[in-house]
Amino acid sequence: MAAETLREGDFAVGLGNFRGGTSEVQRLGKTIDALATDLDHMEKRLRFNTMAVAHELRTPLTILQGNLQGMIDGVFPIRQQGLEDLLMQVQGLSRLVEDLRMLSLAAGHKLITQRSATDLAAEARTVIAAARPMLEEAGMRVETDFVAAPANVDPERLRQAMLALVHNACRYAAAGGELRCETGLDRDGNAFVRFLDRGPGLLEEVRSISFDVFWRGETSRSRATGGTGLGLSIVEAIAKAHGGRLEAGNRQDGGATMAIVVPPQPQ
């Protein structure tokens, strides 16, 4: 009966204990129960992500439809500023589509195509230099401590992940006025690039969990900040595609820390 329910797509049900059965049957039952639990989690996450995508698309599409219909009906005048505002909505939709494409590539293990011997310190130096105008606009001064961090990675993807973390700091931690970037090797020999800010830090419940699609550190953070809500999910996907991880935490004296950690360059 339980097996039929699982076949019909209700993964919340379990097979239960097989008392009196052979050890092989008991192990099979536990394996099926574990699989059902995993499938149940995946289904809930897919449902949530589908709803989140619909939510993110609804507002810009409503704005576009309402304004364009108003222009066609002659209710709204066709002005340069109005067209620029609509273009901004279209650009936001384009960013969302591209971010979703990135996550789709990650899910299909196609995010990383080419690796090469790379020093994360050199890449971080390049990213910080390129992001200077954005950091200055946010009023953030930068401190750096670049120590050689050799790894076998896709440098373009790593730069993309680093820049996303800089964007994140400028968007949410600008009030702290400070961003520090460090690179090096940890005690296990893994290469890392770490960003430390003086912002409000991360909420307690999200410091040690995986960043889900559309995760935002505060419920008040919305598209008004200029992001799609996918930034940290993409950073984590890039780190995992390299066999690494995204580490997030709070500093003892205030602020947050985000680190991309990847395996060292093979000898």
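How many of the eleven residues of α7 are buried? Eight of them are, leaving α7 mostly covered; buried here means under 20% relative accessible area, with exposed over 50% and partly exposed in between (1.4 Å probe, protein chains only). This is a predicted model, where local features need pLDDT of at least 70 and side-chain atom pairs count only at pLDDT 80 or more, while totals for chains, interfaces and linings use all residues. Residues are numbered from 1 along each chain as its sequence is written, and side-chain values use heavy atoms, with hydrogens and water left out.

**View 1. The whole chain, with seven helices and seven strands.** Helices (H or I, at least four residues) and strands (E, at least two) are DSSP runs, numbered from the N terminus. From start to end the pattern reads α-α-α-β-α-α-β-β-α-β-β-α-β-β. The chain has 267 residues, and 38% of them count as buried. Take the contacts (heavy atoms within 4.5 Å) between residues at least 6 apart in sequence: 69% join residues at least 24 apart. The accessible surface is about 15600 Å², with 54% belonging to carbon and sulfur atoms; areas come from the Shrake-Rupley method with a 1.4 Å probe, and for residues only the protein chains shown count as cover.

**View 2. An open sheet of five strands, in the order β2-β4-β5-β7-β6.** Pairing in this sheet is mixed; two strands pair if DSSP finds at least two bridges between them. The edges belong to β2 (141-146) and β6 (245-250), each with a single partner strand, so one side of each has no neighbour in the sheet. From one strand to the next, the twist averages 15°.

**View 3. Strand β5 and its two antiparallel pairings.** Six of the seven residues of β5 (residues 191-197) are buried, so the rest of the structure largely encloses this strand. Seven bridges link β5 to β4 (residues 178-185), and Cys 181 stands opposite Phe 195. The hairpin of β4 and β5 has five residues between the strands, and there Gly 189 takes a positive phi near 85°. With β7 (residues 256-262), β5 shares six bridges, and Ala 191 has Val 262 as its bridge partner.

**View 4. β6 beside β7, with α7 lying across both.** β6 and β7 run antiparallel, joined by six bridges. Gly 249 finds its bridge partner in Thr 257 of β7. α7 runs at about 130° to β6; axes are lines fitted to C-alpha atoms, for helices over the stretch in contact, and angles run from 0 to 180 degrees between N-to-C directions. Just after α7, Gly 243 takes a positive phi of about 80°.

**View 5. Where helix α6 meets helix α7.** The axes of α6 (residues 155-172) and α7 (residues 231-241) come within 9 Å and cross at roughly 150°. The contact involves Arg 157, Leu 158, Gln 160, Ala 161, Ala 164, Leu 165 and Asn 168 of α6, together with Leu 232, Ile 234, Val 235 and Ile 238 of α7. The buried residues of α7 are Leu 232, Ser 233, Ile 234, Val 235, Glu 236, Ala 237, Ile 238 and Ala 239.

**View 6. Glu 123 in helix α4 (residues 120-130).** Glu 123 is buried, with a relative accessible area of 14%. Setting aside neighbours within four places in sequence, Glu 123 is in contact with Thr 118, Pro 155, Arg 159 and Met 162.
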